[in-house]
Amino acid sequence: MKRRICAFMAIAFAFALPAAAQTRWDLPTAYPANNFHTENLQQFVSDVDKATGGKLKVQLHPNASLFKAPEIKRAVQGGQAQAGEILLVNYENEDPLYGIDGVPFLATSYGEAFKLYKAERKALDDKLAKQGMMLLYTVPWPPQGIYTNRTLNSAADMKGLKWRAYSPATSKIAELVGAQPVTVQAAEVSQALATGVIDSYMSSGATGYDSKTYEHIKHFYDTQAWLPKNAVIVNRHAFDALDKPTQAALLKAAAAAETRGWKLSEEKTGWYTDQLRQKGMTIDKPSEQLTADMRKVGNVMLADWLRKSGPDGKKIIDQYRALQ
């Protein structure tokens, strides 16, 4: 009888081993499942699962279903979620470093955006490390343009617009052009447009397509003002709790996701504007006056950013310009 009990316990223990060895993570993101960032994240999650033989299971939570966009960084920092995807510019009020790629006309192409990323990467790593986190990878959004039903010949024509603000930088733009900033997160854009809470905003073709902005707004001014980055971050304690092979697999999958994501973002830029056009939206080239006005806004915001960031910020800008 004792032998049977021992044998039964041994079998039960053997079956319990895989479950005990498996680690499960939550990874919230604010964007819908069909957004290219989320699709890239899904591939990353799949790569991690495959590379670790199921040892690390990451559950992706899209469309702000687990945490709203502004809550994700705090959730990762506090260990409520082991990893998460954030839009860096959302956190500029916390530290100017996070807002550097939201400065209009500082980096306006994928090549320039990647050089800016190289110049800021060490500072980003150091900042996140002090907060108990680490950066896995980044992927930029397509270049930012202006959605509005107004004809914009200059920045003066933007006065009084009910302007969606999703970051300190977009709020500052509203202030400088005389628009009325209204805080609206990505998952709420469609409803805000439908109810008249906002009538304009500045974002990428991706956001316009995902939110069906073409149902409410008929003009997209392709200013190509900046390329803000999403960052996938991880709680440092959660990462350190993984064994070395699992850590290596995670970092390898992250590196692949970054390369793939930057390429995918650039490839889909034209696709998104084509889709907006097919849905009845006019893709406008900004006038020389509007471009000049918006560049002045960018110069004011860069000077303001340098003032707030001090010597550390100047060092990043100097490194970036040295790469040009």
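Biologist: Why is Gly54 called buried in this predicted model?

Modeller: Gly54 has a relative accessibility of 14%. The cut-off for buried is under 20%, so Gly54 counts as buried.

Biologist: Where is Gly54 found, and with what is Gly54 in contact beyond its neighbours within four places in sequence?

Modeller: Gly54 is in the loop between α2 (36-51) and β2 (56-61). With those neighbours left aside, its contacts are Gln22 and Asp49. The C-alpha atoms of Gly54 and Asp157 are separated by 55 Å, and the two residues lie 103 residues apart along the chain.

Biologist: What makes Phe105 buried and Lys212 partly exposed?

Modeller: Buried means under 20%, exposed over 50%, and partly exposed lies in between. Phe105 has a relative accessible area of 14%, so Phe105 is buried. Lys212 has 42%, so Lys212 is partly exposed.

Biologist: What is there to say about phi at Phe105 and at Lys212?

Modeller: Most residues other than glycine have a negative phi. Phe105 is not a glycine, yet its phi is positive, about 65°. Lys212 is not a glycine either, and its phi is positive at about 55°. Phe105 is found in the loop between β3 (83-87) and α4, while Lys212 lies in the loop between α7 (205-210) and β9 (219-221).

Biologist: Why are α4 and α9 called roughly antiparallel?

Modeller: The axes of α4 and helix α9 (residues 244-278) cross at roughly 150° and come within 11 Å. Angles over 145 degrees count as roughly antiparallel, and the two helices are therefore roughly antiparallel to each other. α4 passes α9 in a right-handed crossing. On the α4 side the contact is made by Tyr110, Ala113, Phe114, Tyr117 and Arg121; on the α9 side by Glu258, Trp262, Ser265, Glu266 and Thr269.

Biologist: What makes α4 oblique to α10?

Modeller: The axes of helix α4 (residues 110-130) and helix α10 (residues 288-322) cross at roughly 140° and come within 9 Å. An angle over 145 would count as roughly antiparallel, and 65 to 115 as roughly perpendicular. The value falls in neither range, so α4 is oblique to α10. The crossing of α4 past α10 is right-handed. Residues making the contact include Leu116, Ala119 and Ala123 of α4, with Ile316, Gln319 and Tyr320 of α10.

Biologist: How do you know that α5 is oblique to α10?

Modeller: Helix α5 (residues 168-177) and α10 have axes that come within 11 Å and cross at roughly 125°. That angle lies between the ranges for roughly perpendicular and roughly antiparallel, so α5 is oblique to α10. α5 also passes α10 in a right-handed crossing. Ala169, Lys172, Ile173, Leu176 and Val177 of α5 meet Met294, Val297, Val300, Met301 and Asp304 of α10.

Biologist: Which residues have the most contacts inside the largest nonpolar core?

Modeller: They are Trp25, Phe44, Tyr137, Met158, Trp163 and Leu250, in a core of 53 residues. A second, separate core has 32 residues, among them Ala81, Ala107, Trp262 and Leu302. Leaving aside neighbours within four places in sequence, Tyr137 has contacts including Leu41, Phe44, Val232 and Ala257.

Biologist: Where does pLDDT stay under 50?

Modeller: Over residues 2-20, for which the model has zero contacts beyond four places in sequence. Where pLDDT is low, the predicted coordinates should not be read in detail. The mean pLDDT of the protein is 94, and 94% of its residues reach 70 or more.

Technical notes
Residues numbered from 1 in each chain as written. Predicted model: local features only at pLDDT ≥ 70, side-chain atom pairs only at ≥ 80, totals over all residues. Heavy atoms only, no water. pLDDT = per-residue confidence, 0-100. Contact = heavy atoms within 4.5 Å. Core = buried A, V, L, I, M, F, W, Y, C linked by side-chain atoms within 4.5 Å. Buried < 20%, exposed > 50% of the residue type's maximum accessible area, 1.4 Å probe, protein only. Axes fitted to C-alpha atoms, helices over the stretch in contact; angles between N-to-C directions. Parallel < 35°, antiparallel > 145°, perpendicular 65-115°, else oblique. Left-handed = near helix turned anticlockwise from the far one by under 90°.
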